[in-house]
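Dear colleague,

Please find the structure below, handed over for your records. A short account of the findings follows it.

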Amino acid sequence: MHNSLVSDDPSRSRFELTVDDELVGILAYEVAPGTTTVVLQHTVVREEFGDHGWAAVLVRGALDILRIGDLTVWPVCTYVRRFIGANIEYLDLVADQDPASLSSTTTGA
């Protein structure tokens, strides 16, 4: 059995999945300015760890951390979108609209 951990590294704007103390994957993000919405940009799992379900572990862990922080998400990453679609208990985390459209309306652009 493997020891896995998902953690937030805000200095790098990413969630990290470590397995047995080895970095296996990341989920990059940015916080939309002036909002509590986290834009989930892309999920990457090292090739040698592919096809073992680690991406799902990473995304689930990241969403659980975001839920604790009372944040919403905007899933740009197609893997995250598919994951949320298949795990509807996370649907309530999805923001009502794209945070980029909010910033363009508030700036007059």
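The largest nonpolar core (buried Ala, Val, Leu, Ile, Met, Phe, Trp, Tyr and Cys residues joined through side-chain atoms within 4.5 Å; buried means under 20% relative accessible area with a 1.4 Å probe, protein chains only) has 23 residues. Those with the most contacts inside this core are Phe15, Leu17, Leu27, Leu40, Leu63, Val73 and Val80. Two or more residues each come from β2 (14–19), β3 (22–31), β4 (37–45), α1 (54–68) and α2 (78–86), and α1 gives the most, with six. In soluble globular proteins, nonpolar side chains tend to be buried together.

This is a predicted model, in which local features need pLDDT of at least 70 and side-chain atom pairs count only at pLDDT 80 or more, while totals for chains, interfaces and linings use all residues. Residues are numbered from 1 along each chain as its sequence is written, and side-chain values use heavy atoms, with hydrogens and water left out.

Beyond its neighbours within four places in sequence, Leu40 is in contact (heavy atoms within 4.5 Å) with residues including Phe15, Leu27, Leu63, Val73, Trp74 and Val80.

The chain has three helices and five strands, following the pattern β-β-β-β-α-β-α-α along the sequence. These elements are DSSP runs numbered from the N terminus: helices are H or I with at least four residues, strands E with at least two.

Buried residues make up 36% of the 109 residues. Of the contacts with a separation of 6 or more, 41% join residues 24 or more positions apart.

Yours sincerely

Notes
Buried means under 20% relative accessible area, exposed over 50%, partly exposed in between (1.4 Å probe, protein chains only).
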